[in-house]
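This briefing covers the nonpolar cores, one helix and a surface patch of a single protein chain. Please have the sequence and the model open while reading.

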Amino acid sequence: LLGPGPCAVLVDDPNLHRRLVNYLHAVAPGLAGVVQLDDSGISLFARLGLDGEMKKALERRVDLPSGGYIVIDHTEAMTVIDVNTGRYTGKRYLEETTVRTNVEACREIVRQLRLRDIGGIIVIDFIDMAVQSNREAVLAALEAQLAQDRTKTYVVEISPLGLVEMTRQNVARGLREVITTRCPHCHGVGRVLSEDSAVIEVERRLRAMAESSVLPCLRVELHPRVAARLAAGQAPLLKQIEARTGHVFAVQTADESVPLDHVVVMPD
């Protein structure tokens with residue numbers, strides 16, 4: 001945590017400050033003076049804008065100064081990082097633009113690995129380069145940046161397709177694992193049913209409910225957008241379902257936060 005050169009650890013809680021200082025006096029007396037109490041009365045997170053920075057550190061896309069960007073995706077087996085030129089296309093030569101963007105991405109990739117504490121297998125998809133010496137230059141730039149990382153890393157040479165495989169030691173849970181949890185709607189997949197698919201799914205479930213029920217009228221709760229789609233048009237789909245099944249549906253709308261294919265039978 002404490003690298004070479006002057007630095008300080010700011011704490012805005014007096015009790016925590018006292019505990020840290022006492023601990024450092026016992027194990028590393030020379031570092032006790034590094035921990036400083038911030039008594040401004042304003043939360044450090046609010047004053048330094050750390051909440052916003054934490055949210056940015058969870059985003060998939062990270063923009064580069066030149067106009068390119070990188071995209072960070074997590075899978076069960078590995079982390080994949082894709083480098084793109086974006087709006088930056090260079091003035092003359094595509095290869096020159098590609099190399100410059102890739103080298104710039106090296107700095108940001110290593111920064112993100114450290115900031116997010118990403119470990120395990122990492123695959124970086126650099127923009128394709130036609131010249132072997134350019135691929136070697138990008139690999140050298142990546143290794144130079146990784147040399148500043150205290151966490152142990154191992155890098156495999158860059159492939160003709162611009163892929164770099166590397167590993168980074170898992171020291172602790174990463175930022176993503178610490179402050180987020182799996183989405184209850186998509187269960188970590190990152191995608192949910194489209195509205196069209198949800199309407200088809202709800203239609204099937206309403207028909208199945210009608211076929212298995214002896215009640216002439218069923219009160220159901222649906223997602224508001226799906227309910228609107230079922231009731232829209234000159235020949236509403238809901239009316240067609242009622243005509244085919246011989247049952248009437250009294251529709252109530254749920255909150256927008258429920259899944260699109262939400263269907264719940266409500267008590268009378």
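In which helix does L48 lie? L48 is part of helix α2, residues 44-48. The model is predicted. Its largest nonpolar core holds 27 residues, and a second, separate core holds 17.

**Surface patch**
- L48 joins L10, F45 and L50 in a nonpolar patch on the surface, and together these residues have about 330 Å² of accessible area.
- L48 counts as partly exposed because its relative accessibility is 47%, and the range for that class runs from 20% to 50%.

**Largest core**
- Within the core of 27 residues, those with the most contacts are I70, I109, I124, F126 and L142.
- Two or more residues each come from β4 (69-74), β5 (78-84), α4 (94-116), β6 (120-125), α5 (132-146) and β8 (163-168).
- Helix α4 gives the largest share, 6 residues.
- Beyond its neighbours within four places in sequence, I124 is in contact with I81, V83, I109, L142, G162, L163, V164 and M166.

**Second core and helix α8**
- The separate core of 17 residues includes L222, A227, L230 and V263.
- Helix α8 spans residues 224-231, and its residues V226, A227 and L230 are buried.
- These three lie on the same side of α8, because they cover an arc of only 100° around the axis.
- Among the elements that cover the buried residues of α8 are α7 (195-212), β9 (217-222), α9 (237-245) and β10 (248-253).
- G233, just after α8, has a positive phi of about 90°.

Terms used. Residues are numbered from 1 along each chain as its sequence is written. This is a predicted model: local features need pLDDT of at least 70, side-chain atom pairs count only at pLDDT 80 or more; totals for chains, interfaces and linings use all residues. Side-chain values use heavy atoms; hydrogens and water are left out. A nonpolar core is a set of buried Ala, Val, Leu, Ile, Met, Phe, Trp, Tyr and Cys residues joined through side-chain atoms within 4.5 Å. Buried means under 20% relative accessible area, exposed over 50%, partly exposed in between (1.4 Å probe, protein chains only). Helices (H or I, at least four residues) and strands (E, at least two) are DSSP runs, numbered from the N terminus. Contact means heavy atoms within 4.5 Å. Patches are made of residues with over 30% relative accessible area and no salt bridge: like charges are joined within 9 Å, nonpolar side chains (Val, Leu, Ile, Met, Phe, Trp, Tyr) within 5 Å. Accessible areas come from the Shrake-Rupley method with a 1.4 Å probe; for residues, only the protein chains shown count as cover. A salt bridge is a side-chain nitrogen of Lys or Arg within 4 Å of a carboxyl oxygen of Asp or Glu. The arc is that of the directions from the helix axis to the C-beta atoms.
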